[in-house]
Amino acid sequence: MASKNKRMRMNWQVPASKMSHQTFNPIRNIVDTMKLTPHPDKEMIALSIGDPTVFNNLPIPEHINQCIVNKVQGQKHNGYNPSIGYEDSREAVAKYSCTPGRPLTAKDVILTGGCSMALDLCICVLANPGQTILVPRPGFSIYKTLAESHGILVKTYNLQPEKNWEIDLDHLESLIDDTTATILINNPSNPCGSVFSRNHLLSILELAKRHKIPIIADEIYEHFVFSGNQYHSLGSLSDDVPILSCSGLTKRFLVPGWRLGWVVIHDRHDAFHEVRSGLLRLSQRLLGPNSIVQAALPEILSGTPQHFFEETLHYVEENAKNFFQRISRIPGLRPVEPQGAMYMMIGIDIDHFPGIKDDVDFTERLVKEQSVFCLPAKCFQFPNFFRIVLTIPKVKVSTACDRIEEFCQQHYKATLTNGTGSHSS
Ligand SMILES: Cc1ncc(COP(=O)(O)O)c(C=O)c1O
């Protein structure tokens, strides 16, 4: 017989936990409900997938492959590794991430399963359920997914397309209150393809310093910047504000499936004394990345030839230029020229496309009529824009542009129905 305190289940309806109900990826919710039926006579061109390996057009150098093969064959790394990662691998990340005058050592690094896990550790170590984190809009959706699954609240601060997606600092500051646990900065940006200037980063640091708020820097696209732009890590510029920087091999080394990321602790004034041990405890939940990739990390970071990075960047930058030149000539579209990362955002003058409701409708119809799939920026909480990925094979760029142009020619109306060329409602 069941004791008094035990509840007997009467059937096999097993409830899912509160955490699982709170976990929600807005991109999936939008994309999975979109009607994506391509034109039957046109081969699909996906400009939507942020995985640079899908088209097989950007191979990794033999050196990187060989580092993994050597570790597999050496048979020395089949066991458990320390939860924060092997010491020499962490030391290698410290060396890779430090900048003049700002030394880092292995104790400032935690290896993680991709940048996503790094972000999860950082959000969890800085915020309690009920506290708030401030994230960019438009921004990568995982911040919200991770935070809300733990009961942490999210507020979005505005990025400004007309200012190369710089942060509206007044808006950011207006969101800060007693519940603010951290500000998350993503530079270079997905989905914007923007790269913040040194001055802008210094202004962000100044604001964080005034309010004594630590920063999580999502720097997974570090060094991925086009000519004429310079990348500065927040850690390299910060004298006072403590920063947890998240990055990894995913984008620059073109191996997203290897799930090798890291947190770099840029402490200032010993502000992160407690956070360091918090991160250590949190790392013990899931034990970090695969031991073989970890073990190969020092050689990958030190031995990957510079020309590989340059060639990849050149490839993506050329695609960016070609897309931008073509799309900026299409009436009804307003591309924002990217400065780095792998994406470009394109504004839609939606009022000039009668019968098309919004960016989701626009992108669905682009698939139906032209078999070109772009991600509606509603996925990044920024309606009436869409995002394209710049890593696609070169030969597909002009076909994609031809089709986007034809689509717009068919739907764009220069004069609105009220004849004013301005909003009719
Ligand atoms: C801005 C940003 N942060 C984090 C991630 C996650 O990286 P990872 O695949 O290493 O978890 C991505 C992946 O696309 C990203 O675009």
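These are my notebook entries on the ligand site and the two sheets of a predicted model.

**Entry 1: ligand shell**

I began with the residues around the ligand. The shell holds 14 residues, and Cys115, Ser116, Asp218, Tyr221 and Thr250 come nearest. I then sorted the shell by class and found six nonpolar, five polar and three charged residues. Which helix gives the most to the shell around the ligand? I noted helix α5, residues 114-126, with four residues.

**Entry 2: polar contacts of the ligand**

I next looked up side-chain contacts to oxygen atoms of the ligand, taking N or O pairs within 3.5 Å as polar contacts. For Ser116, a side-chain N or O atom is 2.4 Å from a ligand oxygen. For Tyr221, the corresponding distance from a side-chain N or O atom to an oxygen atom of the ligand is 2.7 Å. For Asn190, a polar side-chain atom lies 2.8 Å from an oxygen atom of the ligand. I also looked up how much of the ligand is covered: on its own the ligand has 400 Å² of accessible area, and the protein covers 92% of that. As for the space the ligand takes, I recorded it as the largest pocket.

**Entry 3: the sheet of eight strands**

I turned to the sheets. One open sheet has eight strands in the order β2-β9-β8-β7-β6-β3-β4-β5, with mixed pairing. Which strands stand at the edges? They are β2 (109-113) and β5 (166-167); each has a single partner strand, so one side of each is left without a neighbour in the sheet. I followed the β2 end further. Strand β2 pairs with β9 (residues 260-266) in the antiparallel sense, over five bridges. Within this pair, I found Thr112 opposite Gly261 of β9.

**Entry 4: the sheet of four strands**

Another open sheet has four strands, ordered β10-β11-β14-β13, and its pairing is antiparallel. Its edge strands are β10 (333-336) and β13 (375-376), each of which pairs on one side only. I then looked at β11 and β14. Strand β11 covers residues 343-348 and strand β14 covers residues 385-389; the two pair in the antiparallel sense over five bridges. What is the bridge partner of Met344 in β14? I noted Ile388.

Definitions and conventions: Residues numbered from 1 in each chain as written. Predicted model: local features only at pLDDT ≥ 70, side-chain atom pairs only at ≥ 80, totals over all residues. Heavy atoms only, no water. Near = heavy atom within 4 Å. Polar contact = N/O pair within 3.5 Å; in protein donor to acceptor, adjacent residues only side chain to side chain. Areas by Shrake-Rupley, 256 points an atom, 1.4 Å probe, with all protein chains shown as cover. 1 Å grid on protein atoms, 1.4 Å probe; cavity = no way out; pocket = protein on both sides within 12 Å on 5 of 7 lines; lining within 4 Å. Sits in = over half its atoms within 2 Å of the grid points. Nonpolar A, V, L, I, M, F, W, Y, C, P; charged D, E, K, R; others polar. Pairing = 2+ DSSP bridges.
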